Amino acid sequence: MAIKCLLFDCDNTLVLSEDIAFDVCSEIVNEILERKGIATRYTSEDLISQFVGLNFRNIMAVLQQQLGFTLDPEELRGYIKLEEDRVIANIEAKATACPGSIEMLQNLHSQGKYKLAVVSSSSIRRIKACLVKAGHDRFFHPANIFSAADSLPCPTSKPNPAVYLHAIKQLGANANECLTTEDSKSGVLAAVNGKIPCLGYVGSTHTRGQKHEMANHLLATGCKGIMLDWSEYEKLLAQIEAKQ
């Protein structure tokens with residue numbers, strides 16, 4: 001089947017926002033641990049290495065299990081809202097588009113050949129803040145923005161494929177009529193578990209060595225190809241379409 005829908009993760013795939021978000025996340029996690037009397041502390045780098053691709057709700061679920069503390073539902077909702085508000089404020093001040101992403105999206109949007117959609121673990125508010133700040137919002141119809149935190153009956157996070165399965169159903173497409181792009185192992189796993197072909201983007205990874213290491217991880221997880229820069233996207237898309 002021909003590809004009809006092009007899907008994109010948001011954080012550190014289209015928008016350089018992951019470091020911004022994890023700076024806030026580490027602050028709030030450490031505030032929680034202090035209030036719970038737990039000595040463990042995390043830097044943003046610690047959390048990125050363990051939790052990249054997961055949203056705050058799921059990070060807290062893992063940490064509660066690992067460190068043996070509990071947040072009641074009201075506490076958790078409060079911290080989720082606090083984290084979201086702080087992250088969005090910092091995104092609106094600091095986030096930028098991933099290099100080459102604006103030009104790539106402009107070309108695809110001008111062609112009018114594909115439905116373009118964002119599929120993310122982040123909240124709808126955060127996704128929209130990222131897209132507006134990066135200048136990407138003009139390329140995505142609001143109905144084609146999907147959040148594992150907000151778009152599903154039960155909030156979840158990648159690598160659970162639920163948000164992808166929901167997105168392709170709403171878009172009226174089969175999995176093999178879509179191509180998605182992810183920058184994290186959890187994101188690629190979500191796509192693979194949903195039977196959706198996936199490209200890996202490593203342009204937002206910091207050093208050359210980290211890019212190489214991440215590229216190998218994403219290929220091993222199931223990516224069909226790897227991009228260092230968004231200028232490579234349309235060539236890889238054409239190669240995948242030729243094999244369909």
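This passage walks through some of the helices, strands and single residues of a predicted model.

A good place to begin is helix H1. With its 18 residues, H1 should span 26 Å at 1.5 Å a residue, and its end C-alpha atoms are indeed 26 Å apart, so the expected and computed values agree. Many residues of H1 are buried, including Glu18, Ile20, Ala21, Phe22, Val24 and Cys25. Further along H1, Ile28, Val29, Asn30, Ile32 and Leu33 are among the buried residues too. What do the buried residues of H1 pack against? Their partners are strand S2 (15-16) and the helices H2, H3, H4 and H6. After H1 comes glycine 37, which has a positive phi, near 75 degrees.

Two residues of H1 deserve a closer look. Serine 26, which sits in H1, has a relative accessibility of 8%. Buried means under 20%, so serine 26 counts as buried at that value. Setting aside neighbours within four places in sequence, serine 26 is in contact with Tyr42, Thr43, Ser44 and Leu47. Glutamate 31 also belongs to H1. Its relative accessibility is 25%, and because the partly exposed range lies between 20% and 50%, glutamate 31 counts as partly exposed. Which residues does glutamate 31 touch, not counting those up to four places away in sequence? They are Leu82 and Arg86. With arginine 86 there is a polar contact of 3.1 Å, formed between the two side chains, that of arginine 86 and that of glutamate 31. Glutamate 31 can also be placed relative to arginine 41: the two are ten residues apart along the chain, and their C-alpha atoms are separated by 9.2 Å.

Helix H3 (residues 56-67) can be read in a similar way. H3 has twelve residues, and the distance from its first C-alpha to its last is 16 Å, close to the 16 Å expected at 1.5 Å a residue. The buried residues in H3 are Phe56, Ile59, Met60, Leu63 and Gln64. Why do they lie on the same side of H3? They cover an arc of only 135 degrees around the axis, which puts them on the same side. The neighbours they pack against are helix H1 (18-35), helix H2 (44-51) and helix H4 (73-94). H3 is followed by glycine 68, and here phi is positive, near 75 degrees.

The strands come next, starting with S6 (residues 178-182). Is S6 enclosed or open to the outside? Five of its five residues are buried, so S6 is largely enclosed by the rest of the structure. Both faces of S6 are covered, with Cys178, Thr180 and Glu182 buried on one side and Leu179 and Thr181 buried on the other. Strand S1 (residues 5-8) runs parallel to S6 and is joined to S6 by four bridges. S6 is also joined to strand S7 (residues 198-201), again in parallel, by three bridges. In S7, cysteine 198 stands opposite threonine 180. From S6 the chain crosses through helix H8 (residues 185-193) to S7, and this β-α-β crossover is right-handed.

Strand S4 (residues 115-120) is mostly covered, with five of its six residues buried. S1 and S4 pair in the parallel sense, and four bridges hold the pairing. Leucine 6 shows how S1 relates to the strands beside it: leucine 6 stands opposite leucine 116 in S4 and opposite leucine 179 in S6. S4 is joined to strand S5 (residues 145-147) as well, by three bridges and in parallel. Here valine 119 has phenylalanine 146 of S5 as its bridge partner. Together, S4, helix H6 (residues 124-134) and S5 make a right-handed β-α-β unit.

One residue of S4, serine 120, rounds off the picture. Serine 120 has a relative accessible area of 1% and is buried. A polar atom of the serine 120 side chain lies 2.9 Å from the backbone nitrogen of serine 122. Which residues is serine 120 in contact with, leaving aside its neighbours within four places in sequence? Among them are Asp9, Cys10 and Asp11, together with Ile127, Phe146, Ser147, Ala148, Lys158 and Val163.

Note on methods: Residues are numbered from 1 along each chain as its sequence is written. This is a predicted model: local features need pLDDT of at least 70, side-chain atom pairs count only at pLDDT 80 or more; totals for chains, interfaces and linings use all residues. Side-chain values use heavy atoms; hydrogens and water are left out. Helices (H or I, at least four residues) and strands (E, at least two) are DSSP runs, numbered from the N terminus. The expected span of a helix is 1.5 Å times one less than its number of residues. Buried means under 20% relative accessible area, exposed over 50%, partly exposed in between (1.4 Å probe, protein chains only). The arc is that of the directions from the helix axis to the C-beta atoms. Contact means heavy atoms within 4.5 Å. A polar contact is a pair of N or O atoms within 3.5 Å; within protein, one must be able to donate a hydrogen and the other to accept it, and residues adjacent in sequence count only if both atoms are side-chain atoms. Two strands pair if DSSP finds at least two bridges between them. A crossover is right-handed if, with the strands pointing away from the viewer, the path from the first strand over the helix to the second runs clockwise.
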